[in-house]
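Reader: I would like a close look at a single part of this structure, taken slowly and in connected prose. Please begin with one residue and what surrounds it, and then turn to the aromatic rings.

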Amino acid sequence: MHNKLTHSIGLKNALKLIETGEHSAEAIVQDCLDRIEARESEVGAWQYRLDTSDYLAEFNNNRAFYDNSLLKGLPIGIKDIIDTADMPTEMGSPIHKGRQPVDDASCVALLRQAGGIILGKTVTTEFAYFKPGKTANPHDLTRTPGGSSSGSAAAVADGMVPVALGSQTAASVIRPAAYCGTVGYVGTRGEFSLRGIQPLGQSLDSLGLFSRQVEDIELLRAILLRQPEPLSSRDAIKPKRILLCRGDAAGEVEPEMAAAIEQVASILDTQGVELIEPEESGWLGELVQLHGLIMAYEAARNLALESSHPDLLSPALQELITQGLATPREDYLAALQSVADIRARLANAYPDVEAILAPAAPGAAPKGRERTGAPHMSRPWQAMGLPVVTLPGLRDDNGLPLGVQLIGQPHTDDTLLRIARWLEPLLK
């Protein structure tokens with residue numbers, strides 16, 4: 001019964017069951033711990049975590065606080081590039097083996113203050129780039145979970161925790177959310193504090209959230225912004241107009257993903273939503289290239305310390321740093337300006353569009369775990385710093401998740417999430 005409960009409910013539903021007395025916080029916590037015990041040896045989502053006795057000791061020793069808190073002592077996973085004062089933060093690299101931060105990152109501190117217990121650190125790729133960790137896709141252990149927030153996506157998808165934090169510089173939240181079949185959210189750039197999070201590209205880095213329902217993202221977002229809890233009575237929003245980007249202008253789209261986008265477009269059309277197609281899509285491919293240039297240039301500066309240990313870096317990361325160091329500053333500045341110009345052009349061309357619909361990944365999670373999948377479906381939106389939410393529900397012929405993403409205008413995150421909450425049940 002308990003494992004079924006863990007899989008079927010999200011954070012807010014769990015909190016409602018605790019509030020009404022239908023279920024105890026201890027039972028829900030135990031569900032998560034039991035699930036980890038049963039599955040972690042196969043899935044490999046965790047780098048470090050509290051054992052059962054330590055978790056329950058923290059919970060019981062501070063019972064009055066957790067009983068009266070917003071999150072009731074429920075467990076949260078934290079990507080291992082985000083500092084935690086009570087656990088190492090090693091960033092997926094032997095260079096930082098045993099690195100123990102003095103303080104929590106701001107996002108971690110806010111979750112603790114709200115009554116969440118940090119269950120552990122989830123596996124990340126090396127410095128949130130391409131080299132995979134040990135994590136498998138919970139839907140098919142022979143496939144990648146995506147990256148770089150591999151462990152956070154897998155832990156939420158597999159019922160180990162109701163929510164987890166990740167980060168995104170290219171596609172590190174949206175792609176693993178799509179591959180693992182969870183909700184993934186990246187806010188408008190600059191929306192959340194990044195204090196205590198290892199940077200990769202400062203013009204691109206964003207905090208990301210994983211959950212099993214959109215309403216849980218709204219709750220976490222309120223906590224991280226130190227805003228009042230979002231009212232559950234706030235209605236979902238049915239959009240009037242959505243821009244349809246099939247994604248092929250950004251790069252490869254597999255046939256099953258192309259079919260999934262058409263399926264969602266058909267659902268929207270049936271619901272009376274006006275679908276607008278861009279007159280031309282060349283800007284998508286242009287943004288993919290611009291994003292790559294900006295990321296390489298900035299990563300080469302952010303990883304100055306680490307690049308002094310080339311023997312401990314993966315070939316892919318060494319190549320990124322080499323590319324960044326070879327990029328003239330004038331090209332970097334021109335790329336930043338080009339991104340700003342495209343973003344302004346897009347906003348002017350489609351002022352009445354409430355969201356953009358696009359594939360969240362090229363297709364389902366690829367076979368093999370030596371790579372994390374291609375990031376081109378997220379690069380354009382991440383370059384522009386737009387808010388994005390991935391919705392699960394669709395599947396390919398093998399039963400693997402196919403994620404689609406909704407993209408909003410800057411700082412329309414709350415509206416975007418309410419639109420996502422409206423669309424969410426239609427994709428089940």
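Author: What follows takes up Ser 148 and its surroundings, and then the aromatic rings.

The model is a predicted one, and within it Ser 148 is found in the loop that runs between strand S3 (117–122) and helix H7 (150–157). Although Ser 148 belongs to a loop, it counts as buried because its relative accessible area is 0%, where the cut-off for buried is under 20%. Once neighbours within four places in sequence are set aside, the residues in contact with Ser 148 are Lys 79, Val 123, Thr 124, Thr 125, Ala 128, Tyr 129, Ser 167 and Ser 172. Two residues of that list can be described at the level of atoms: the side chain of Ser 148 makes a polar contact of 2.9 Å with the side chain of Ser 172, while a polar atom of the Ser 148 side chain lies 3.5 Å from the backbone oxygen of Ala 128.

Turning to the aromatic rings, the count comes to six pairs. One of these joins Tyr 185 and Phe 192, whose ring centres are 6.2 Å apart and whose planes stand at 85°, so the pair is edge-to-face. Both partners are buried, Tyr 185 with a relative accessible area of 0% and Phe 192 at 9% relative accessibility. Elsewhere, ring pairs link Phe 59, Phe 65 and Tyr 66 into a cluster. A ring also takes part in an arrangement with a charge, in that the charged end of Arg 301 sits over the ring of Tyr 297, at 3.8 Å from the centre of that ring.

Notes:
Residues are numbered from 1 along each chain as its sequence is written. This is a predicted model: local features need pLDDT of at least 70, side-chain atom pairs count only at pLDDT 80 or more; totals for chains, interfaces and linings use all residues. Side-chain values use heavy atoms; hydrogens and water are left out. Helices (H or I, at least four residues) and strands (E, at least two) are DSSP runs, numbered from the N terminus. Buried means under 20% relative accessible area, exposed over 50%, partly exposed in between (1.4 Å probe, protein chains only). A polar contact is a pair of N or O atoms within 3.5 Å; within protein, one must be able to donate a hydrogen and the other to accept it, and residues adjacent in sequence count only if both atoms are side-chain atoms. Contact means heavy atoms within 4.5 Å. Rings of Phe, Tyr and Trp (its six-membered ring) pair if their centres lie within 6.5 Å; planes under 30 degrees apart count as stacked, over 60 as edge-to-face and the rest as tilted. A charge sits over a ring if NZ of Lys or CZ of Arg is within 6 Å of the ring centre and within 35 degrees of the ring normal.
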